[in-house]
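Welcome! Let us walk through this structure together, beginning with its overall plan and ending with a few single residues.

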Amino acid sequence: MPGSDPIGAYCTFCRESASGASEIAPEQIVLRGRYFYVLVPLGQLIPGFLIIAPYSCDSGQGGARCLAELPDEAIAELGELKETVRAFFEHALGATAPIFYEQGRAGGGAQTDATGRFSHHAHLCCLPQPVAIDGWLEGRFTSTRLDGLGELAGKLRQFGAQPYVYLESTVRNGTEVRRRLFTGSDPAQRSELETLRLKDPISHLLGLPERANWRDWPARDDVAAVIATFEEHLAGRRAVAPGGGR
Ligand SMILES: [Zn+2]
C-alpha cells in the first residue's frame, strides 16, 4: 500500500509477506557477491531464466532505481556475475546465445506506481535463449550502441535521465556480443518506455503469452530444477579451479 514508504512497501524483491518471511525463498538465491546476488525467480519464462539484482533498493533508503545509478565498482561486479551466468548457460544448458536486459527507471514516474506492476528494484534479466526482441525495440525507440555496461550511466546523463532498456544480445552464433541502450526521443516514447513491461512482448515472441506474469506462471518445478543445475555447475567449477578440492 502506498504510504510513508510508498516503494519499499510493495517492492517485489524486498517486500515481506504477512507471515514476516521474504517472498523470495533463501534457496532461490544461488550466488552472492558484494553488491549483487543471482536469483532464480518465479516465472521461468524459459527454464534457466536468472536475475542479477543489487541488495540495495529504491525504497527510501537511498538505493538505486536502476543499474545506471549504481557506482562503477558495483557495475564491475555485475559484469563478472554476468559472465558467470553466461558460462552457466553455455556449459550447463548448452545455450550460447543468451540475452541480458534491464528496464531502467531512471526517469522516475512509473516507479512510484502503487499497483506493484512495475519493479522499483534494479535488476538484470538473463535469458538463456535468444529472443527477437531487438527488432521489436528498434521499431519503437531510439537505439544507441554501447561498448559495455560501464558506459550506461554516462550515456544516460548525456541523454538526460529517462526510462530506458539496456539489451545485450549474443549474435553470430555466439561470437559477438551486441550491447544497446534504447531510449525515447519524444515524450510519447518516454511514456511508453516508462510503462513498458518487456516480459509481455518477449512472452508473445516466444509464443508463450501465458507466462508473461510470474504470479500466473510461477513454474515452481522449473525453479527447483534450475537451482539444482546451477549448484551442480558451480560445484563442478570449484572442483576444477586452481586450489579447488584442497
Ligand atoms: Zn527492493
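Helices and strands here are runs assigned by DSSP, with at least four residues for a helix and at least two for a strand, and they are numbered from the N terminus. With that in hand, the order of elements along the chain reads β-β-β-α-β-β-α-β-α-β-β-α-α-α. That gives six helices and eight strands. Please keep in mind that this is a predicted model.

A few totals help to set the scene. The chain has 246 residues, and 50% of them are buried. Its accessible surface comes to about 11500 Å², and carbon and sulfur atoms account for 50% of that. If we take the contacts between residues at least 6 apart in sequence, 70% of them join residues at least 24 apart.

Now find the sheet. Eight strands form an open sheet, in the order E1-E2-E3-E5-E4-E7-E8-E6, and the pairing is antiparallel. Strands E1 and E6 (142-146) stand at the edges; each has a single partner strand, so one side of each has no neighbour in the sheet. From one strand to the next, the twist averages 20°.

Let us follow some of these pairings across the sheet. Strands E2 and E3 are joined in the antiparallel sense by four bridges, and Tyr37 stands opposite Ala53 in E3. E3 also runs antiparallel to E5, with three bridges between them; here Ile51 has Cys125 of E5 as its bridge partner. On we go from E5 to E4, an antiparallel pair with three bridges, where Phe100 stands opposite Cys126 in E5.

Strand E5 deserves a pause. In a regular strand the side chains alternate between the two faces of the sheet. In E5, Leu124 and Cys126 lie on one side, while Cys125 and Leu127 lie on the other. These four residues are all buried, and both faces of the strand are covered.

What packs on the sheet, touching E1, E2 and E3 among other strands? The answer is helix H1, which also touches strand E4 (99-105), E5, E7 and strand E8 (176-183). The direction of H1 makes about 165° with that of E3. H1 covers residues 72-93, 22 residues in total, and spans 30 Å from its first C-alpha to its last, close to the expected 32 Å. Its buried residues include Leu78, Leu81, Lys82, Val85 and Phe89. An α-helix has 3.6 residues a turn, so residues three or four places apart point the same way. After H1 comes Gly94, with a positive phi near 65°. Another helix, H4 (residues 187-195), lies across E4, E6, E7 and E8 and runs at about 70° to E7.

Next, look at what lies inside. In soluble globular proteins, nonpolar side chains tend to be buried together. The largest nonpolar core in this model has 39 residues, of which Phe36, Leu50, Ile52, Leu67, Leu152 and Tyr164 touch the most other members. Elements that give two or more residues to this core include strand E1 (29-32), strand E2 (36-39), strand E3 (50-54), helix H3 (152-159) and H6. H1 gives the most, with seven residues. Apart from this core lies another, of 27 residues, among them Tyr101, Leu127, Ile133 and Ile202.

Two residues make this packing easier to picture. Leaving aside residues up to four places away in sequence, Ile52 touches Phe36, Tyr37 and Val38, along with Leu78, Leu81, Lys82 and Val85, and also His123, Leu124 and Cys126. Val38 is found in strand E2. Is Val38 buried or exposed? Val38 counts as buried because its relative accessibility is 1%, and the cut-off for buried is under 20%. Among the residues that Val38 touches are Ile29, Leu50, Ile52, Leu81 and Val85. Val38 and Val85 are 47 residues apart along the chain, yet their C-alpha atoms are separated by 8.6 Å.

Finally, visit the loop between helix H5 (199-205) and helix H6 (220-240), the place of Asn213. Asn213 is partly exposed, with a relative accessible area of 25%. Its C-alpha is 9.3 Å from that of Ser203, ten residues apart in sequence. Ala219 lies in the loop between H5 and H6 too, but Ala219 is buried, with a relative accessible area of 15%. Ala219 also has a positive phi of about 50°, although it is not a glycine.

Methods: Residues numbered from 1 in each chain as written. Predicted model: local features only at pLDDT ≥ 70, side-chain atom pairs only at ≥ 80, totals over all residues. Heavy atoms only, no water. Buried < 20%, exposed > 50% of the residue type's maximum accessible area, 1.4 Å probe, protein only. Contact = heavy atoms within 4.5 Å. Areas by Shrake-Rupley, 256 points an atom, 1.4 Å probe, with all protein chains shown as cover. Expected span 1.5 Å × (residues − 1). Core = buried A, V, L, I, M, F, W, Y, C linked by side-chain atoms within 4.5 Å. Pairing = 2+ DSSP bridges. Axes fitted to C-alpha atoms, helices over the stretch in contact; angles between N-to-C directions.
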